[in-house]
Amino acid sequence: MSRRRKLKAKTYELNIESLSHEGRGIARFEDKVIFVSGALSGELVIVDRTFSRAKFEEADVKQVLKPAANRITPKCDVFGICGGCSFQHLSSEDQIQAKGNWLKDVFANQVKIEPKTWLKPLQVQSWGYRRKARLGIRYVAKKDKVLVGFREKKSSFITNMSRCEILHPSIGEHLEVLADCIERLSIKSSIPQFEVAIAENNTVLILKHLEPLSVKDEQILVDCAQQLNIAFYTQSGGLDSVKPLGKPVMLTYSHPNHDIIMEFLPTDFVQVNFKLNQKMVDLALELLELNEFDEVIDLFCGLGNFTLPIARHAKHVAGIEGDLGLVERAKYNAEKNSITNVDFYKADLFKEVAGFEWFRGKTYNKALIDPARSGAIEIVELLPKLGVTRLVYVSCNPATLARDTIKLIELGFTLETAGVMDMFPQTAHVESIALFTR
């Protein structure tokens, strides 16, 4: 078996021409494109090469010789090392502008058209917003120290960090306390990670452990939980092994403008930024222009994050989701909120759906789609058959949104408006929303 050759060290002085859609600076050297992490458009930088291929290379900034006018000092001490953020050297206002430009570039280059109008970017809080995350844990024997944090960029190592500025403060301000807690466990070298789930009312950490916890270990965790006013769950295997260390806690988030409280499990998918999520749902409903006669279908509905607010303003809503657990909890949330004009169904939306009750012989005049990064090309082709004339598409990947937009236009839809939403400030992640009519 051939061994991968070690990359020869190489340093460049480069002029950064623009920003890529991943937030990296773009420069050119001889016949290659160089993608530079930590660089901004218009800067002169010295970089170290980290990756090389025939037509492009990757590099990290070593020194900024001529900074961009909009470069700012990162708030976090480990920015550039930690893989949790990539954009702290730009202000929040400049970040969302860059993301809006990326979305416009994708439509111009892939779709070859733009929407009739662009939405004003949706932005709320830029720090302490993140409520769902996976934090790595590692016991470093040589230093007899436990590290808790995000992984370093392009590395399996855990960042040596005392706090995190993007995590909600209930966890972000207490990484050292958590590290000290793990350090006192008998199995500290067999704990790889925390899953973080922070609700409006409670904070849960799911502790993954590869060896059994002793009675003393459990008491150490209980004491730490009391100190931080959080709850520990444990996970010894797959998701079915997740259980509370003590009494289970109820996790909730709200849609105050629609009088809705959503309950969820620590392992459920929910949006990481609750304040932005509220604004996003309000915007989606505004774009749908709902009334008491509307029959609406919500595809990839999850817990009913959009479905239940839609139901407050429509005749009836059908929510479709591939995860049975999420479907059951969506039904439960509908009942808890006394919403009766909604039905939820389990279906794999990437497979044949013609035989399902919610599809066969049914029509819906309006739809909402909120798919994963892979997009929804399989299901958008069915929208005309369902009678949909107004569609709101929420996307976490501009590339697949553009691909699906091309298909929707082929099917007779018109791209009315689109815009970006800052769900993940300080990162290059782009959340967007678009309205289509037919």
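1. Start with strand β17 (residues 316-321). H316, A318 and I320 point one way from β17, while V317, G319 and E321 point the other way. Six of the six residues of β17 are buried. Buried means under 20% relative accessible area, exposed means over 50%, and partly exposed lies in between (1.4 Å probe, protein chains only). In a regular strand the side chains alternate between the two faces of the sheet. Strands (E, at least two residues) and helices (H or I, at least four) are DSSP runs, numbered from the N terminus.

2. A word on the basis of this note. This is a predicted model: local features need pLDDT of at least 70, side-chain atom pairs count only at pLDDT 80 or more, and totals for chains, interfaces and linings use all residues. Residues are numbered from 1 along each chain as its sequence is written, and side-chain values use heavy atoms, with hydrogens and water left out.

3. Which strands pair with β17 in the parallel sense? Strand β16 (residues 295-299) does so over five bridges. Strand β18 (residues 342-346) also does so over five bridges. Two strands pair if DSSP finds at least two bridges between them. V317 is a good residue to follow. V317 is the bridge partner of V296, and V317 stands opposite V342 in β18.

4. Now the open sheet that begins with β1. Six strands are ordered β1-β5-β6-β4-β3-β2, with mixed pairing. The edge strands, β1 (11-15) and β2 (18-19), each pair on one side only. Inside this sheet, β4 (residues 32-37) and β6 (residues 56-66) run parallel, joined by five bridges. V36 has A59 of β6 as its bridge partner.

5. Another open sheet has six strands in the order β9-β8-β10-β11-β12-β13, and its pairing is mixed too. Here the edges are β9 (145-149) and β13 (243-244), and each pairs on one side only. Strands β10 (residues 193-198) and β11 (residues 203-208) run antiparallel and share six bridges. In that pair, A197 is matched with V204 of β11.

6. Next, the aromatic rings. The structure holds 11 aromatic pairs. One of them is Y12 with F29, a tilted pair at 4.6 Å centre to centre with 45° between the planes. Rings of Phe, Tyr and Trp (its six-membered ring) pair if their centres lie within 6.5 Å; planes under 30 degrees apart count as stacked, over 60 as edge-to-face, and the rest as tilted. The pair links distant parts of the chain: Y12 is in β1 and F29 is in β3 (residues 25-29), 17 residues apart. Y12 counts as buried because its relative accessibility is 5%. F29 has 29%, so it counts as partly exposed. F35, F51 and F56 form one aromatic cluster.

7. Where do charges meet rings? K153 lies over the face of F79, 5.4 Å from the ring centre. The charged end of R438 sits over the ring of F413, 5.5 Å from its centre. A charge sits over a ring if NZ of Lys or CZ of Arg is within 6 Å of the ring centre and within 35 degrees of the ring normal.

8. Helix α3 (residues 175-183) has buried residues L175, L178, A179, C181 and I182. They cover an arc of only 160° around the axis, so they lie on the same side of α3. The arc is that of the directions from the helix axis to the C-beta atoms.

9. The largest nonpolar core has 86 residues. L178 and V392 are among those with the most contacts inside it. Helix α5 gives the largest share of this core, nine residues. A second, separate core of 46 residues includes A98, W102, A318 and V380. A nonpolar core is a set of buried Ala, Val, Leu, Ile, Met, Phe, Trp, Tyr and Cys residues joined through side-chain atoms within 4.5 Å.

10. Finally, two loop residues. Q271 lies between β15 (260-264) and α5 (274-288). Is Q271 buried or exposed? Q271 is buried, because its relative accessible area is 11%. Leaving out residues up to four places away in sequence, Q271 touches N277, M280, N305, D370, M423 and E431. Contact means heavy atoms within 4.5 Å. R71 sits in the loop between β6 and α1 (92-111). At 25% relative accessibility, R71 counts as partly exposed. Apart from neighbours within four places in sequence, its contacts include E43 and H89.
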